[in-house]
Amino acid sequence: MAKKLINKITIVGCGPGSKKYITGHAVQHIKNADALIGSRRLLALFPDVEADKYTLNKNYKPLITRIVSLSKHRKVVVLVSGDPGFFSYAKLIIDKVGIENCEVVPGISSVQLAFAAIGKTWSDACFVSLHGQKDRLSTLIKKVKEHKKVAVLTDNSNNVKLIAKRLLDEGLKDRKIYICEDLSLNKERIRKFDVSSMQKFR
Ligand SMILES: C[S@@+](CC[C@H](N)C(=O)[O-])C[C@H]1O[C@@H](n2cnc3c(N)ncnc32)[C@H](O)[C@@H]1O
């Protein structure tokens, strides 16, 4: 079992990006923090919070050691986008220090918002993340063949163009695809296509 830390590390889900989707409970934790750790985008949501701020980027592995040592004497709050339980940095922290040294504050996930925006249920969906992942397209195709509804997290490299091309190549042209971008933000865009009409994404 992991050694007990003096202060629990609080991992706070900040929702999909707009402040209106951050819960009051999450805000309370953030306001009480001595040290706030998160992406540049998430830290920018809290300019008035006086905690020391540490930017999380590609340094996420060495930063865990820092987070652990900070939490010995200070209230450390780690900000993650959406919900901590859904493809987030939370798993790395919990695996490292043990759940007894963490408090997890849930947030609204980008997928919850996406399903709400298109008016579909997500209880019957299957989830795949291509975010920061290499060679996961085959897994996605397998899931699409096995399930009626698949929600996919993309990133700049694993993008819609790439996915559309692969779906077409696999003959999955009768499926519908919803593209939900920048949810809750000013540039939010939600589009629906038949895979067969996605040649233009090639
Ligand atoms: C590291 S994952 C984190 C997922 C997060 N824990 C959640 O519950 O939404 C980041 C990916 O989530 C998706 N995402 C996060 N915020 C989003 C938003 N506002 N609109 C659309 N997709 C979003 C994108 O696919 C992004 O690459």
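A residue counts as buried when its relative accessible area is under 20%, as exposed when that area is over 50%, and as partly exposed in between, with a 1.4 Å probe and protein chains only. The structure is a predicted model, in which local features need pLDDT of at least 70 and side-chain atom pairs count only at pLDDT 80 or more, while totals for chains, interfaces and linings use all residues. Residues are numbered from 1 along each chain as its sequence is written, and side-chain values use heavy atoms, with hydrogens and water left out.

**Exercise 1. Describe the protein chain as a whole.**

Step 1. Begin with burial: of the 202 residues in the protein chain, 42% are buried.

Step 2. Turn to the secondary structure, which comes to seven helices and nine strands; helices (H or I, at least four residues) and strands (E, at least two) are DSSP runs, numbered from the N terminus.

Step 3. Add the dimensions: the C-alpha trace spans about 55 × 35 × 30 Å along its principal axes.

**Exercise 2. Find the aromatic pairs and decide how the rings of Tyr60 and Tyr89 are arranged.**

Step 1. Rings of Phe, Tyr and Trp (its six-membered ring) pair if their centres lie within 6.5 Å, and planes under 30 degrees apart count as stacked, over 60 as edge-to-face and the rest as tilted. A search of the whole structure with this rule finds three aromatic pairs.

Step 2. The ring centres of Tyr60 and Tyr89 are 6.2 Å apart and their planes stand at 85°, so this pair is edge-to-face.

Step 3. Because Tyr60 belongs to helix H3 (residues 60–70) and Tyr89 to the loop between strand S4 (76–80) and helix H4 (90–97), the pair ties together parts that are 29 residues apart in sequence.

Step 4. Compare the surroundings: Tyr60 is partly exposed, at a relative accessible area of 36%, whereas Tyr89 is buried, at 10%.

**Exercise 3. Follow Phe86 and Phe87 through their ring contacts.**

Step 1. Phe86 and Phe87 form an edge-to-face pair, with 4.8 Å from centre to centre and 75° between the planes.

Step 2. Phe86 counts as buried at 19% relative accessibility, while Phe87 counts as partly exposed at 46%.

Step 3. Ring pairs also bring in Phe127, so that Phe86, Phe87 and Phe127 are linked into a cluster.

Step 4. Phe87 is found in the loop between S4 and H4, and its phi is near 45°, a positive value in a residue other than glycine.

**Exercise 4. Which residues come nearest to the ligand, and which backbone atoms lie close to its nitrogen atoms?**

Step 1. A residue is near a molecule if one of its heavy atoms lies within 4 Å of it. Of the 14 residues around the ligand, Pro16, Phe86, Ser110, His131 and Thr154 come nearest.

Step 2. For the nitrogen atoms, a backbone N or O atom of Ser81 lies 2.9 Å from a nitrogen atom of the ligand, and one of Phe86 lies 2.7 Å from a nitrogen atom of the ligand.

Step 3. On the oxygen side, a polar backbone atom of Thr154 is 2.8 Å from an oxygen atom of the ligand.

**Exercise 5. Where does Asp182 lie, and is it buried or partly exposed?**

Step 1. Asp182 is placed in the loop between strand S8 (176–181) and strand S9 (189–194).

Step 2. At 36% relative accessibility, Asp182 counts as partly exposed.

Step 3. The phi of Asp182 is near 45°, a positive value in a residue other than glycine.

How values were computed:
Polar contact = N/O pair within 3.5 Å; in protein donor to acceptor, adjacent residues only side chain to side chain.
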